[in-house]
Amino acid sequence: MPALPSPKTIEADLRVCAKGDSSLQTELLTADSAGISRAAEIIKAGGLVAMPTETVYGLAADALNPAAVAKIFKAKGRPQDNPLIVHISEFAEWESLTDSLPQNALLLAKCFWPGSLTVILKKSPRGPGIVSAGLDTVAVRLPAHPVARRLIAAAKTPLAAPSANLSGSPSPTKPEHVINDLSGSIEALIDGGDCAVGVESTVLDLTGEVPTLLRPGGVTAEELRETLGRLEISPAVLDRFSGFPPSPGMKYRHYAPKAALTVIHGSREQYISFLCQNAAPGIFALCYSDTLPFTPCPAVSLGDRGDPRQTASRLFTALRELDRAGAQTIYSEAVEPIGFGLAVANRLLRAAGFRRIIL
Ligand code: TXA
Ligand code: MG
């Protein structure tokens, strides 16, 4: 099997930290008290800081400063109608964001916060409209990562933070991903190493009659159903959305590598024979480690079959690695959408623009 070019080391990437074409020099901060207090100063002055969270790196700004929040949209090239998640460090802080806390929100907070669950609530008119992109709702999350929480506490304000990638590209799970996408367009990055979960938080809409899962993530649909009793899963989780999306983010191309990705559904044997029939220059495989030795083309591993947590922690890095290796077409093995696998299957299908082949 041809070998992939070895990925660039983080050291090599950090050397090009100030490569952006603006005059901004992105500061690389350490994840300690000194780094966090410098980051808090930048936030208070209306700047942007990429911070580690347990899911993916977030691009943080003072959620109560509309001019600072506007910079997030500009740096990411994010469509103005796609709202941001507001991150808090203490349970009580959500009082500044919403006037009505439904009973089930309190229950969920007790069970899953701090952690990778975002809840959508009715927004207080006091909060700035730009964070919610003009909607009458607000997305709130209390992250588990200690650095993110220390930064929110030090900045003394809730932080608006989407994933710290260029809009549409795979979310950043390593500091070098942030550098690659945003160096020269943001004031600073706190280097907190790799993100443990690897896919973004679960997004749950609590504003309707039945709680609705809009984006699967670290907290699974099964866990939510057990806690809440009732749960709807938006059809847009596993299929291309048509009509009016319940979450604006659903209508945008997401997590996508530059190469054309297609998800192949079938047995492992069928997948291998599909690859054998279609192998050609520029074609790459994205597959489980037990398939890797049998691929007729260059391949990147999704980790162990049946271990969606491992697959999640590798997926976005794998997609970036495939681009760097010059893949033009990627055929990926499908991920079973059960338990945490639903979040991974959702990201893979969205990265593929829901292009799939059923063998
Ligand atoms: O794990 C995460 O959630 C990461 C880290 C940094 O916390 N953040 C993240 O943010 O993934 P972002 O902006 O990349 O994704 C937020 C998603 C988008 O699809 C957006 O459309 C949706 O949440 N969203 C935010 N506010 C919403 C609202 N009020 N109503 C419906 N959807 C909302
Ligand atoms: Mg994102």
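Student: Which residues have the most contacts inside the largest nonpolar core, and how many residues does that core have?

Tutor: This is a predicted model, and in it the largest nonpolar core has 46 residues, with L59, W94, L108, W113, L117 and L224 making the most contacts inside it. Two or more residues come from each of β3 (58-62), α3 (66-76), α4 (103-112), β5 (117-122), β6 (137-141), α6 (175-182) and α7 (221-228), and α3, with five residues, gives the most. A second core, separate from this one, has 29 residues, among them Y255, Y288, L319 and A351.

Student: Which residues does W113 touch, leaving aside those up to four places away in sequence?

Tutor: With those sequence neighbours set aside, W113 touches I88, F91, W94, L108, V119, V140, R141 and L142. The peptide bond that joins W113 to P114 is cis, with omega at about -5 degrees, and P114 itself lies in the loop between α4 and β5.

Student: How should I read the surroundings of ligand 1, and which residues come nearest to it?

Tutor: Begin with the shell, then turn to the polar atoms. There are 24 residues around ligand 1, of which T55, N82, H87, S201 and R215 come nearest; by character the shell divides into eleven nonpolar, nine polar and four charged residues. Both β4 (85-87) and β6 supply at least two residues of this shell, and β6 gives the most, with three.

Student: Where do side chains place polar atoms against oxygen atoms of ligand 1?

Tutor: An N or O atom in the side chain of N82 is 2.6 Å from an oxygen atom of the ligand, while for R215 a polar side-chain atom lies 2.9 Å from a ligand oxygen, and for R141 the distance from a side-chain N or O atom to a ligand oxygen is 3.1 Å. Of the 680 Å² of accessible area that ligand 1 has on its own, the protein covers 96%.

Student: What is the usual sign of phi in residues other than glycine?

Tutor: Most residues other than glycine have a negative phi, and most peptide bonds are trans. Here A133, although not a glycine, has a positive phi of about 50 degrees, and K156 likewise has a positive value, near 55 degrees.

Student: Where in the chain are A133 and K156 found, and are they exposed or partly exposed?

Tutor: A133 is found in the loop between β5 and β6, and because its relative accessibility is 22%, A133 counts as partly exposed. K156 is in the loop between α5 (146-155) and β7 (159-160), and its 70% relative accessibility is why K156 counts as exposed.

Key
Residues are numbered from 1 along each chain as its sequence is written. Chains are lettered from A and ligands numbered from 1 in the order in which they are written. This is a predicted model: local features need pLDDT of at least 70, side-chain atom pairs count only at pLDDT 80 or more; totals for chains, interfaces and linings use all residues. Side-chain values use heavy atoms; hydrogens and water are left out. A nonpolar core is a set of buried Ala, Val, Leu, Ile, Met, Phe, Trp, Tyr and Cys residues joined through side-chain atoms within 4.5 Å. Buried means under 20% relative accessible area, exposed over 50%, partly exposed in between (1.4 Å probe, protein chains only). Helices (H or I, at least four residues) and strands (E, at least two) are DSSP runs, numbered from the N terminus. Contact means heavy atoms within 4.5 Å. A residue is near a molecule or strand if one of its heavy atoms lies within 4 Å of it. A polar contact is a pair of N or O atoms within 3.5 Å; within protein, one must be able to donate a hydrogen and the other to accept it, and residues adjacent in sequence count only if both atoms are side-chain atoms. Accessible areas come from the Shrake-Rupley method with a 1.4 Å probe; for residues, only the protein chains shown count as cover. Ala, Val, Leu, Ile, Met, Phe, Trp, Tyr, Cys and Pro count as nonpolar, Asp, Glu, Lys and Arg as charged, and the others, Gly among them, as polar.
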